[in-house]
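Let's take a stroll through the middle of this protein, starting from a strand and ending in the packing around it. Have the viewer open as you read.

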Amino acid sequence: MEIGRIPGSAIPLRYSLQHVSQCFVPPMASTSYTSYTNVVAHSNLSEFKSKNRMFILGMGFVSQSLAHKLRDQGWDVSGTCTSHMKKKKLEDKGFRVYLFDADELEPSALDVMKDYTHLLVSVPPVVGIGDLVLQHEDLLRSSLVTGNLQWLGYLSSTGVYGDFGGELVDEDYPTKPSSQLAKLRLASEAGWSNLARHLGFSPQVFRLGGIYGPGRSAIDTIIKQEPLSEGQKMRKNRKYTSRVHIEDICQALMAAIYTPSSKKIYNIVDDDPAPREVVFEYARKLVEKKWPGLIRQPTEELKSSIIETRNERGEKRVSNARMKQELGVRLLYPDYRSGLQSIIDQMETPFHGAHSHLIV
C-alpha cells in the first residue's frame with residue numbers, strides 16, 4: 001500500500017485532517033469519511049508528514065506565498081532564487097534556498113531536488129533565450145528519473161490563448177499566442193509536460209490571469225503615484241482583463257496538490273474580467289475614501305499616462321469552470337471589488353500598510 005494515501009484513492013491522508021483551505025471543497029471520493037478516520041488512526045502521521053516535500057524553482061510573489069502555507073501544514077519546502085540578498089532573506093525565514101544560475105544549474109540543488117515529492121516551476125521564459133531551466137533538460141531528466149518526484153506543476157499565463165475577439169475560452173480551446181513571450185510560455189508548457197511524462201506521471205499546468213495582492217495591486221500603484229510600467233501601459237485598450245488574487249491562486253494550487261486530477265491544464269482566474277481602467281477608477285475611489293487628499297495626481301492625468309499600445313495578449317474572456325468543478329475551488333475574491341477592498345482594509349496607513357511576508 002502506498003504510504004500516506006487511502007487505498008484505491010488518489011487523495012492523500014492529510015486531506016482528511018482538515019489542513020486544506022476551507023475555501024475549496026474536494027470532489028467526492030468513493031472512500032467514506034469513516035474510512036479516512038480509520039486509516040488516520042492507524043497511520044504514522046509524523047512519518048507521512050515528512051514525506052510531503054515541495055521544491056520550488058523560482059521563489060517569487062506567488063510561490064513564496066504558497067511556500068509559507070505549505071510549511072504551516074508541515075511540508076518541507078525548499079527552492080531557488082537569483083540573488084544572494086534574496087537568498088539570505090528567505091533563509092532567515094527558515095527556507096533552504098539555492099542560487100539559480102541560468103548558465104549552470106547548481107549541482108547541490110539537483111542533488112536535493114530528486115529527493116522531493118513535488119516540484120513547482122515558477123521561472124518565466126526570457127525572450128531571445130527561452131526557458132532558462134529547460135536549457136538543461138537532459139541533466140534534469142538524468143537527475144530526476146531516479147528520484148521521488150510524483151507531482152509537477154508549471155505556472156503559465158492566460159496569454160497563451162491569444163486573440164478570440166472577446167469569446168469565452170476554456171482549457172480545450174486552441175492556443176494561438178501572438179507575442180513572443182506568450183509563444184515561449186506555450187513552449188515551456190510543452191517542455192515541462194514532456195519531462196513529467198518522462199518521469200512517469202501527468203503534469204499540471206496552471207494558466208494564471210493577471211496576479212494581484214497586498215503590495216502588488218491597483219491600490220498600491222495609485223498610492224505610490226509612480227509612472228506606469230510599459231506592461232501597464234499596454235493594457236489601455238483591452239476590453240477584458242483576466243486577473244486573480246494571490247490567495248485564490250494559492251488555494252487552487254493547494255487543491256491541485258491535494259486532489260490529483262487527470263486534467264492537465266487549469267485556468268486560474270476570477271469571475272470578472274473587467275477593463276483595467278475600471279479597476280483603477282474603483283481603486284482610486286477606495287483610496288480617496290480612506291485617505292482624503294492623499295492623491296495629488298488628477299484622474300485625467302492618470303488616464304492619459306496609459307498610452308495606446310498594441311494589445312499583445314489579444315481579447316478574450318477566460319473560463320474558470322474547470323478549476324471550480326474539478327478542484328472544488330470557491331473563490332475568496334471572485335472580482336476585483338472584493339479583492340481590492342480586502343487589500344485596503346488590511347492597510348493601517350497608506351505607506352505602512354499590511355506588511356507582506358513576501359520578499360521581492
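How many bridges join strand β4 to β5? There are 4, and the two strands run parallel. (Strands pair if DSSP finds at least two bridges between them; helices, H or I of at least four residues, and strands, E of at least two, are DSSP runs numbered from the N terminus.) Getting from β4 to β5, the chain passes through helix α6 (residues 137-144), and this β-α-β crossover is right-handed, i.e. clockwise over the helix with the strands pointing away from the viewer.

This is a predicted model, where local features need pLDDT of at least 70, side-chain atom pairs need 80 or more, and totals for chains, interfaces and linings use all residues. Residues count from 1 along each chain as its sequence is written, and side-chain values use heavy atoms, without hydrogens or water.

Here are the neighbours of β5:

| Strand | Bridges to β5 | Direction | Opposite residues |
|---|---|---|---|
| β4 (residues 118-121) | 4 bridges | parallel | Val121 and Tyr154 |
| β7 (residues 204-208) | 5 bridges | parallel | Arg207 and Ser156 |

As for β5 itself (residues 151-157), 7 of its 7 residues are buried, meaning under 20% relative accessible area with a 1.4 Å probe, protein chains only. Trp151, Gly153, Leu155 and Ser157 point one way, while Leu152, Tyr154 and Ser156 point the other.

Now the packing. The largest nonpolar core (buried Ala, Val, Leu, Ile, Met, Phe, Trp, Tyr and Cys joined through side-chain atoms within 4.5 Å) has 36 residues. Elements giving it two or more residues include β5 and β7, and α10 gives the most, with 10 residues.

Definitions and conventions: Buried < 20%, exposed > 50% of the residue type's maximum accessible area, 1.4 Å probe, protein only.
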